[in-house]
Amino acid sequence: MSSVNNCGRADGQDQVDAKKVDSTKGTAHVRTVHAKAYTAADSNDIDAYSMDFPKLGKCVIINNKNFAQHTGMNERHGTDLDAANVLKVFSVLGFKTVIQNDQTVSQMRTLLTSVSEEDHSKSAMFVCVILSHGDEGVIYGTDGNIELKELTGLFRGDRCLSLVGKPKLFIIQACRGTDLDPGIETDGISESESTQRIPVEADFLYAYSTAPGYYAWRNTANGSWFISSLCEMLTKYGRELDILQLLTRVNRKVALEFQSSSTTPGFSDKKQIPCIMSMLTKDLYFPK
């Protein structure tokens with residue numbers, strides 16, 4: 001892996017989850033819906049999501065490696081390792097994991113529509129992990145792209161009633177643009193609730209591999225920087241830290257311990273910072 005702490009050269013080569021790289025580009029630098037949601041009365045801690053359900057929930061993994069030639073997308077070497085790591089880690093945490101490989105746009109839409117229409121009333125939460133190519137606001141199937149919000153929107157509170165008031169996590173390993181981060185040198189720095197109206201976009205958390213506009217890096221031999229770091233932190237702290245604390249540690253690891261090594265001119269010695277976007281309304285701890 002392309003770790004800064006490894007003095008030697010990393011195994012494999014670092015690649016980006018975007019279209020075939022052109023080294024001359026890339027800059028360095030109201031409807032009312034009635035749904036039964038669980039309330040604080042269902043939990044001993046009013047500030048944390050209840051895990052007091054028969055099942056923890058489903059984790060859907062979409063792993064896209066091979067793409068049609070007309071998309072201009074390269075094969076995503078290293079993604080199978082990411083998928084295997086995610087499958088193992090979330091299974092150990094207690095999720096029912098489902099993995100689908102090389103999904104077209106239509107297949108991704110059909111898969112997640114079907115999952116959103118399932119009965120999640122006995123589940124505490126839902127997780128979706130997408131490993132693919134991407135650009136700002138879109139994710140690639142094997143035959144083209146689709147707006148990410150079209151997929152995540154299937155789980156909104158007014159569309160997926162059995163997940164209302166429950167955490168919905170979307171973990172995205174994909175590029176979000178074509179900017180490169182050159183990094184910068186720095187000195188070290190040492191009550192009970194009644195019926196409520198809640199926003200339909202509430203209780204989502206999006207964990208992106210990179211900041212808006214930037215490439216996301218994936219090592220051909222060791223998998224992506226973000227997913228490998230996420231799996232490591234989930235293994236170490238998954239039953240100990242709140243999800244936002246855990247993802248902050250992922251951010252720190254990716255930011256400080258990785259640096260690109262590429263044969264493409266202008267693509268070596270680049271950095272990456274993951275991006276957390278939270279609409280969670282409570283702390284989220286996985287059950288011990």
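Select Cys175 to begin: at 1% relative accessibility it counts as buried, a class that means under 20% relative accessible area, with exposed over 50% and partly exposed in between, for a 1.4 Å probe and protein chains only. The model is predicted, so local features need pLDDT of at least 70 and side-chain atom pairs count only at pLDDT 80 or more, whereas totals for chains, interfaces and linings use all residues. Residues are numbered from 1 along each chain as its sequence is written, and side-chain values use heavy atoms, with hydrogens and water left out.

**Cysteines**

Move next to Cys59, which is also buried because its relative accessibility is 0%. A disulfide is here a pair of cysteine sulfur atoms within 2.5 Å, and by this rule the count is 0. Cys59 accordingly takes part in no disulfide; its nearest cysteine sulfur belongs to Cys128, 7.7 Å away.

**Helices α4 and α5**

Select residues 225-237, helix α4, together with residues 243-257, helix α5. Helices (H or I, at least four residues) and strands (E, at least two) are DSSP runs, numbered from the N terminus. The two axes come within 9 Å and cross at roughly 135°; each axis is a line fitted to C-alpha atoms, for helices over the stretch in contact, and angles run from 0 to 180 degrees between N-to-C directions. This angle makes α4 oblique to α5, given that angles under 35 degrees count as roughly parallel, over 145 as roughly antiparallel, 65 to 115 as roughly perpendicular and the rest as oblique. The crossing of α4 past α5 is right-handed: the near helix is turned clockwise from the far one by less than a right angle, while an anticlockwise turn would be left-handed.

To display the contact (heavy atoms within 4.5 Å), show Trp225, Phe226, Ser229, Leu230, Glu232, Met233, Leu234 and Tyr237 of α4 with Leu246, Leu247, Arg249, Val250, Lys253 and Val254 of α5. These contact residues comprise 10 nonpolar, 1 polar and 3 charged, where Ala, Val, Leu, Ile, Met, Phe, Trp, Tyr, Cys and Pro count as nonpolar, Asp, Glu, Lys and Arg as charged, and the others, Gly among them, as polar.

**Helices α1 and α4**

Keep α4 in view and add helix α1, residues 79-93. Here the axes come within 10 Å and cross at roughly 20°, which means that α1 is roughly parallel to α4. The crossing of α1 past α4 is left-handed. On α1, select Asp82, Asn85, Val86, Val89, Phe90 and Leu93; they meet Ile227, Ser228, Cys231, Leu234 and Thr235 in α4. By class, this contact holds 7 nonpolar, 3 polar and 1 charged residues.

**Two positive phi angles**

Most residues other than glycine have a negative phi. Asp102, in the loop between β3 (96-101) and α2 (105-116), has a positive phi of about 45°; this residue is partly exposed, with a relative accessible area of 27%. Asp269 follows, with a positive phi of about 60°. Find Asp269 in the loop between α5 and β12 (275-278); at 46% relative accessibility, Asp269 is partly exposed.

**Two strand residues**

Select Val138 in strand β6 (residues 138-141). Setting aside neighbours within four places in sequence, Val138 is in contact with Asn145, Ile146, Glu147 and Leu148. From Val138 to Gly177 the C-alpha separation is 9.8 Å, across 39 residues of sequence.

End at Asn219 in strand β10 (residues 217-219), which is buried at a relative accessible area of 0%. Asn219 and Ser261 are 42 residues apart in sequence, yet their C-alpha atoms are 8.9 Å apart in space.
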